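Me: I would like a close look at one part of this model, namely its aromatic pairs. Please set them in the context of the whole chain and of the residues around them.

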Amino acid sequence: MSGRVQGVFFRDTCRREALAAGVTGWVRNLRDGTVEAAFEGAPEAVDRMVKWSRKGPPDAVVYDTTVTDEPPAGDDTFAVLPTPR
């Protein structure tokens with residue numbers, strides 16, 4: 001996700017929304033100011049998270065969201081990951 005997505009509690013709110021939706025995976029800030037996430041779960045739950053990520057928490061301004069299908073990684077929870085170096 002790009003836009004004003006860092007410094008607005010995007011990752012923590014995403015984690016809470018994912019847990020409420022029964023979705024596993026992860027979310028992290030990237031060094032370029034964007035946010036990256038991976039969602040796993042029932043198709044309708046993943047769709048719910050994709051829809052949420054296009055808006056984000058109240059203080060976020062999301063300009064763009066890119067969605068890519070990938071094979072499941074088998075995560076058993078939803079985590080906030082550190083920013084990669």
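Reply: A residue is called buried here when its relative accessible area is under 20%, exposed when that area is over 50%, and partly exposed in between. By this cut-off Trp 52, with a relative accessible area of 13%, is buried. The model is a predicted one.

A search of the whole structure gives two aromatic pairs. In one of them, the ring centres of Phe 10 and Trp 52 are 5.1 Å apart and the planes meet at 55°, so the pair is classed as tilted. Phe 10 belongs to helix H1 and Trp 52 to helix H2 (residues 43-53), so this pair ties together parts of the chain that are 42 residues apart in sequence. Phe 10 has a relative accessibility of 1% and therefore counts as buried.

Phe 39 and Phe 78 also form an aromatic pair, and this one is stacked, with 6.1 Å from centre to centre and 20° between the planes. The pair links distant parts of the chain, since Phe 39 is in strand E3 (residues 35-40) and Phe 78 is in strand E5 (residues 78-80), 39 residues apart. Both Phe 39 and Phe 78 are buried.

The surroundings of Phe 78 lead back to helix H1. Arg 15, which lies in helix H1 (residues 10-21), touches Phe 78 and Val 80, when residues up to four places away in sequence are not counted. The C-alpha atoms of Arg 15 and Ala 79 are 6.7 Å apart in space, although 64 residues separate Arg 15 from Ala 79 in sequence. Arg 15 itself has 26% relative accessibility and so counts as partly exposed.

On the sequence side of Phe 10, Phe 9 is found in the loop between strand E1 (2-4) and H1. Phe 9 is exposed, because its relative accessible area is 65%, whereas Phe 10 is buried at 1%. Most residues other than glycine have a negative phi. Phe 9 has a phi near 65°, a positive value in a residue other than glycine.

Beyond Trp 52, Arg 54 lies in the loop between H2 and strand E4 (61-64). Arg 54 is partly exposed, as its relative accessible area is 47%. Setting aside neighbours within four places in sequence, Arg 54 is in contact with Val 62, Thr 65 and Val 67. Arg 54 and Thr 66 are 12 residues apart in sequence, and their C-alpha atoms are 9.3 Å apart in space.

These details belong to a protein of two helices and five strands, which follow the pattern β-α-β-β-α-β-β along the sequence. Among contacts between residues at least 6 apart in sequence, 71% join residues at least 24 apart. Of the 85 residues, 36% are buried. For 85 residues a compact globule would have a radius of gyration near 12 Å, and the value for this protein is 12 Å, so the two agree. The C-alpha atoms fill a box of roughly 30 × 25 × 20 Å along the principal axes.

At the surface, the protein exposes about 5,500 Å², of which carbon and sulfur atoms supply 49%. The 11 positive and 13 negative charges have mean positions that are 8 Å apart.

Methods:
Residues numbered from 1 in each chain as written. Predicted model: local features only at pLDDT ≥ 70, side-chain atom pairs only at ≥ 80, totals over all residues. Heavy atoms only, no water. Helix = DSSP H or I, 4+ residues; strand = E, 2+ residues; numbered from the N terminus. Buried < 20%, exposed > 50% of the residue type's maximum accessible area, 1.4 Å probe, protein only. Contact = heavy atoms within 4.5 Å. Phe/Tyr/Trp six-rings, centres within 6.5 Å; stacked < 30°, edge-to-face > 60°. Rg over C-alpha atoms; globule rule 2.2 N^0.38 Å. Areas by Shrake-Rupley, 256 points an atom, 1.4 Å probe, with all protein chains shown as cover. Lys, Arg positive; Asp, Glu negative; His and termini not counted. Charge placed at Lys NZ, Arg CZ, Asp CG, Glu CD.
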